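Colleague: Can you walk me through this one? I'd like to start with the strands, then move on to whatever else you have.

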Amino acid sequence: MSRTLVKAALNATAPADTIFLQGWVRTRRDAKAFSFIELNDGSCLKGLQIIIDATLPDYAQVARAGTGASVEIHGKLVASKGGGQKWEVVAEKFTVLGEADATYPLQKKGHTLEFLREIAHLRPRSNLFGAVFRVRSRLAYAVHQFFQAKEFCYVHTPIITASDAEGAGDMFRVTTLDLAQPPKNEQGEIDHRQDFFGKKTFLTVSGQLEAEIFATALSNVYTFGPTFRAENSHTSRHASEFWMIEPEVAFCDLAGNMDLAEEFVKYLIRDATQHCAGDLEFFSKFVDPELLTRLNFVLERPFQRCSYTAAVEILNNSGKTWEHPVAWGDNLQSEHERYLTEEHFKCPVTVYNYPRAIKAFYMRLNDGCEPGKQTVAAMDILAPGIGEIVGGSQREERLDKLVARMEVMHIPTEEMSWYLDTRRFGTVPHAGFGLGFERMVQFVTGMGNIRDVIAFARTPKNCEF
């Protein structure tokens with residue numbers, strides 16, 4: 001007999017004479033003539049009540065079915081006689097598959113997020129984290145739905161790379177050299193020619209550069225995979241390993257890029273509200289009371305668009321005393337982003353046309369810039385409670401300007417000749433962005449820390465499990 005998931009049982013439209021369930025015990029209550037077990041198998045937030053009559057031949061096994069134990073039940077799905085549930089199961093056969101001893105840490109009581117991070121191998125069994133990872137799974141599915149429906153080609157870009165897409169020098173090194181006795185060249189320096197790939201290699205910070213190559217052949221492409229940054233950051237928004245969605249679109253400018261990014265963010269939110277309603281209600285009750293209101297607000301209204309220059313003026317005219325005073329040419333800090341989204345505009349904001357000096361080499365220089373105020377066709381989507389959730393730009397398609405910028409930033413053009421070839425051979429205006437997947441999950445669930453929306457967080461001094 002095939003197994004029925006708890007979610008399917010709860011959504012049944014009619015009783016069933018036979019049903020087969022497997023899962024884990026959330027709670028157990030014993031009476032003289034029978035026992036009640038709440039069974040959950042991870043398919044949904046709610047558990048299914050199982051009634052086990054004391055006359056069953058298997059009833060002696062119930063004593064072994066403590067919280068956390070795995071069990072299987074053959075029985076009947078019947079209309080529930082109690083309130084708060086439509087169906088329950090009357091067991092005809094009950095088997096304990098795996099006991100959970102008394103040290104099982106997820107008992108029926110409140111647990112702090114800090115404690116649950118320490119038992120990340122067990123926390124998916126909790127209501128909170130079961131909901132988080134179901135939503136994360138659904139959002140990942142929606143990412144592919146969105147781009148595939150628009151005829152984007154999914155490209156698997158490399159995780160190991162010899163190039164630094166950001167030019168920030170904060171990458172993890174990949175090597176097979178003996179670190180105790182590395183080979184040296186004539187100058188006494190480490191001889192990377194003897195390493196596995198014959199050169200310095202790293203874990204990628206972005207698949208963008210490789211995606212640009214495919215965009216100049218297939219027009220519309222996207223990547224969705226893990227990326228890595230070796231920043232010694234301990235904030236609630238940063239992790240050393242995280243996932244990025246990065247579309248690249250040929251024949252596209254900054255305005256088209258902003259349109260696509262806004263449509264994409266709204267699509268993901270709408271999909272989650274339609275397919276994860278029970279989990280989102282749970283988050284709104286126990287994590288963020290304003291969550292559903294905020295998500296609906298975002299869906300109902302267009303994002304505000306604001307130039308970087310106008311944003312600086314808004315911040316300086318706000319009357320606020322900033323921990324990081326802002327002046328034209330400075331990076332916007334978290335406090336500035338949150339003010340713009342949460343207090344001034346009270347919705348997501350797309351900030352565009354950033355100073356060239358604070359952006360990456362590949363971003364297109366805007367024409368007609370004021371002297372001393374060169375800007376690039378860059379854009380960031382800032383979300384309430386999170387800050388930057390999307391970062392992108394129109395790419396610099398003009399070979400001479402791209403080379404000049406790379407030289408200013410000391411990026412070796414010879415090693416990047418493959419990238420420059422996309423500008424030599426049939427260059428086109430093109431644009432793209434990166435959406436931090438964990439930040440998107442944070443926004444949709446209301447979870448305040450990135451460590452709580454990724455299965456096993458990788459942060460400075462932390463690589464457990």
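Modeller: Let's start with one pair: Pro355 stands opposite Thr375 in β14. Bear in mind that this is a predicted model.

Colleague: How many bridges join β13 to β14, and do they run parallel or antiparallel?

Modeller: There are 6 bridges between β13 and strand β14 (residues 375-383), and the two run antiparallel.

Colleague: And β12 with β13, in which sense do they pair?

Modeller: Parallel, over 4 bridges. Across from Thr350 in β13 you will find Arg305.

Colleague: Why call β13 largely enclosed?

Modeller: Because 5 of its 7 residues are buried, β13 is largely enclosed by the rest of the structure.

Colleague: OK, helices. Which residues of α8 are buried?

Modeller: In helix α8, residues 308-316, the buried ones are Tyr308, Ala311, Val312, Ile314 and Leu315. Looking down the axis of α8, these buried residues fall within an arc of 160°, so they line one face of the helix.

Colleague: Any general reason for a pattern like that?

Modeller: An α-helix has 3.6 residues a turn, so residues three or four places apart point the same way.

Colleague: What do the buried residues of α8 pack against?

Modeller: They pack against β12 (304-307), α9 (334-344) and β13 (349-355).

Colleague: Switching topic. How many disulfides does the structure hold?

Modeller: The count is 0. Take Cys252, which is in no disulfide: its nearest cysteine sulfur belongs to Cys153 and is 17 Å away. Cys252 counts as buried, because its relative accessibility is 10% and the cut-off for buried is under 20%.

Colleague: Why is there no bond from Cys276 to Cys44?

Modeller: The closest cysteine sulfur to that of Cys276 is in Cys44, and at 12 Å it is too far for a bond. Cys276 also counts as buried, at 6% relative accessibility.

Colleague: Last thing, the core. Which residues have the most contacts inside the largest nonpolar one?

Modeller: Phe264, Ile269, Phe283, Val390, Met440 and Phe443, in a core of 60 residues. Helix α3 (residues 127-149) gives the most to this core, with 11 residues.

Colleague: What is Ile269 in contact with, leaving aside its neighbours within four places in sequence?

Modeller: Ile269 contacts Leu295, Val298, Leu299, Met440, Phe443 and Val444.

Colleague: And what does the second core include?

Modeller: That one is separate and has 28 residues, among them Leu209, Ala360, Met363 and Leu420.

Notes: Residues numbered from 1 in each chain as written. Predicted model: local features only at pLDDT ≥ 70, side-chain atom pairs only at ≥ 80, totals over all residues. Heavy atoms only, no water. Buried < 20%, exposed > 50% of the residue type's maximum accessible area, 1.4 Å probe, protein only. Arc of directions from axis to C-beta. Contact = heavy atoms within 4.5 Å. Disulfide = S-S within 2.5 Å. Pairing = 2+ DSSP bridges. Core = buried A, V, L, I, M, F, W, Y, C linked by side-chain atoms within 4.5 Å.
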